[in-house]
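I sat down with this one to look up contacts and burial, and I am jotting things down as I go. Here is what I had open on the screen.

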Amino acid sequence: MLRDKDLVSIQEARAKVEKAYAAFQNYRSFTQEQVDAIIDRMAAVARANAERLARLAVEETGYGNVRDKTAKNLLCSDLLHQAIRPLKTVGIVREDAERKVIEIAEPVGVVAAILPTTNPTSTAIYKILIALKGRNTIVLSPHPRAMRCTCETAALLYQAACEAGAPEDVIQCLEHATMEATNEIMRHRRTGVILSTGGQGIVRAAYSSGKPALGVGPGNVPILLERTADVKESVRMVVEGKSFDYGTVCSSEQTLVFEESLGDQVIQELKANRALLCDATQQAALAKLLITPDFRVNAACVGQPPARIAEMAGFTVPAETSILVVQLQGVGKEHPLSAEKLSPVLALYRVKDFDEGCRVCDSILHFGGLGHTCVIFSRDDAKIREYGLRMPAGRILVNTSAPQGSTGITTNVFPSMTLGCGAMAGNVTSDNVGPLHLINLKRIAYHVREAKSAFSSPEGKAYFEGTTVAAVATGRGGIADAVQQYLASRGIALSSTPPPAPTATTEVVDRFLSSRRPPPPPTPNTQHPPPPASPAPPAPPVEVVPFVSESDVRQAMRMGKKIYISSKTIVTPAARDMGADILIKTD
């Protein structure tokens, strides 16, 4: 009987990271052929068990449906496998004979993989495959509500890997998942990189752990239906994407924005695809149900079928209903259903034209989906490109369902279950993350030229010819040219024929050069001796610093300065050894 679950989980996390690290010391020496044999075997086993693992996930979490979770398992064991199979991840991976640079793959080590409850088995397959493809080992931290299905997935792939010759302990999975255990594997000294999927809290924890981290932000995906689109086909794809696994994919459609001229046809096609348009009372009930008072998604509604969500909200809909549709008048907290919903509920937004549609989509992305994904349906390539330039999203999808397009099923983006949102969302990448994000590249670079031939600027040439750079940079001709370029940039043209009188340009140059000449010595005045010098002002008080490091001492040495300390100043041992002549004690 467990007396303290947290302590047990922390100890398990430490032990499994150490095991994975020991396995890494062996696995890092494997050849590309050995690695690919392991990947092939694991992918084959995952494909053979795709439906069974999907069923386990639905039974344990209550999210989504078996058919679509099977598709996600196949995305990671079939389509992803096809994409990573030809990649070079061992030894010399690229050689540029002309530039004489050779790139060598280096694994990052132990991957700490944090898994979600919405896609537990597919994400496990995905992270194991891309980690081991890069000669890394992996420790999985399942979501507490998806322990059984995640551990079963990891066990199947571990057995397959060992059968193909992988070292013992190359895949580890926590069996006592707690927040404390997850933090332990993220911060463990043997962990090389964190691959985190989940809510904002766990992603922030990954980035604040002090380890390199690949985490992703939430999705609030807008879809713009532009007036040239094929409305019938577009609406079919929107409904197909929104209903996929009951909306549990982070790149699921959230709000359909369409031009007013398409309004009647859009509503007609939604109904033709078994979407139910909610009235005002039903919409208010859904807003209260789906989004909690502290503005979080109600976990009880995640990945539930439309009829079940309607029942929870207090009304009934036909069992065959594909999605629930609500109509919005704005974006933001006063319109709760304009946020990510993680369920088969789609918001509608009418706009007068393309420009207004772009502004609304931009607002939706800023309201909880920055950097993630957006979609446009259009036949006008100029509008498609403009939409792509204006949207703050890492994936701008065209004429496709959002979940299928963003994960690489219906587009040629890299097949992935970790969709980066870039710096705009606080992520390290905007890519679809794959095995190349889990390797480092070493570079062998040969001598190809003498240093003096590398520079082409006048300053660079002057340096190697023995002329001072300052002379080139501050000479009269250089200054005049610079002033002329500045004036030209402001629309002021100068005549090419020098006028008889000094020009503004030469006056500026003369004043500048005069300011750089030392003043002439004063002429002695014997009749009227200078008055006695006034006493010098007292020296300003020195600034006593509270802390000194080695870098502080180095900087002071470069600047020719002293560092003033007191008996209360904390000085690192390295700083004290290095700064004997720099550190001045004031008490």
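Is Phe-367 buried or exposed? I looked it up, keeping in mind that this is a predicted model. Phe-367 has 18% relative accessibility, and the limit for buried is under 20%, so Phe-367 counts as buried.

**Entry: aromatic pairs**

I went on to the rings. My search for aromatic pairs came back with 5. I took Tyr-21 and Phe-24 to start: their ring centres are 6.4 Å apart and the planes sit at 40°, so I logged the pair as tilted. Both residues belong to helix α1, which covers residues 5–27. They are 3 residues apart, or about one turn of that helix. A reminder to myself: an α-helix has 3.6 residues a turn, so residues three or four places apart point the same way. On burial, Tyr-21 comes out partly exposed at 25%, whereas Phe-24 is buried at 4%.

Back to Phe-367, then, since it has a ring partner: Phe-295 and Phe-367 make an edge-to-face pair, with 5.7 Å from centre to centre and 65° between the planes. This pair links distant parts of the chain, 72 residues apart. I found Phe-295 in the loop between α11 (280–290) and α12 (306–313). Phe-367 is in the loop between α13 (354–366) and β13 (371–377). Phe-295 is partly exposed, at 26% relative accessible area, while Phe-367 is buried at 18%.

I also noted one aromatic cluster, made of Phe-455, Tyr-463 and Phe-464.

**Entry: salt bridges**

Next I ran the charges. Side chains of opposite charge can pair when their charged atoms come close. Over the whole structure I get 28 salt bridges.

What is the distance between the closest N and O atoms of Asp-36 and Lys-133? I read 2.6 Å for this salt bridge. Asp-36 is in helix α2 (residues 32–48) and Lys-133 is in helix α5 (residues 120–133), so I checked the separation along the chain: 97 residues, a link between distant parts. Both Asp-36 and Lys-133 are buried.

I looked at Asp-96 and Arg-99 too. Their closest N and O atoms are 3.9 Å apart, and the cut-off is 4 Å, so the pair is still a salt bridge. Asp-96 is partly exposed at 28%, and Arg-99 is exposed at 55%.

The salt bridge between Asp-380 and Lys-383 also has its closest N and O atoms 3.9 Å apart. Asp-380 is partly exposed at 24% relative accessibility, and I have 24% and partly exposed for Lys-383 as well. Then I traced shared partners: salt bridges join Asp-36, Asp-40, Arg-85 and Lys-133 into one network.

**Entry: helix α5**

Lys-133 took me to α5, so I checked the helix itself. It has 14 residues and reaches 20 Å from its first C-alpha to its last, close to the 20 Å expected. How many of the residues of α5 are buried? I got 14 of the 14, so α5 is largely enclosed by the rest of the structure. Just after α5, Arg-135 takes a positive phi of about 65°.

**Entry: cysteines**

I then went through the sulfurs and came away with 0 disulfides. Why does Cys-361 have no bond to Cys-358? The sulfur of Cys-361 has its closest cysteine sulfur in Cys-358, 6.6 Å away, which is too far for a bond. For Cys-374 the closest cysteine sulfur is in Cys-361, at 7.0 Å, again too far for a bond. A disulfide would need the sulfurs within 2.5 Å. Cys-361 is buried at 0% relative accessible area, and Cys-374 is likewise buried at 0%.

**Entry: surface patch**

Last stop was the outside. Ile-444, Tyr-446 and Val-448 form a nonpolar patch on the surface. Together the three have about 270 Å² of accessible area. I placed Ile-444 in strand β15 (residues 439–445), and at 35% relative accessible area Ile-444 is partly exposed.

Conventions:
Residues numbered from 1 in each chain as written. Predicted model: local features only at pLDDT ≥ 70, side-chain atom pairs only at ≥ 80, totals over all residues. Heavy atoms only, no water. Salt bridge = Lys/Arg side-chain N within 4 Å of Asp/Glu carboxyl O. Helix = DSSP H or I, 4+ residues; strand = E, 2+ residues; numbered from the N terminus. Buried < 20%, exposed > 50% of the residue type's maximum accessible area, 1.4 Å probe, protein only. Expected span 1.5 Å × (residues − 1). Patch = residues over 30% accessible without salt bridge, like charges linked within 9 Å, V, L, I, M, F, W, Y side chains within 5 Å. Areas by Shrake-Rupley, 256 points an atom, 1.4 Å probe, with all protein chains shown as cover. Phe/Tyr/Trp six-rings, centres within 6.5 Å; stacked < 30°, edge-to-face > 60°.
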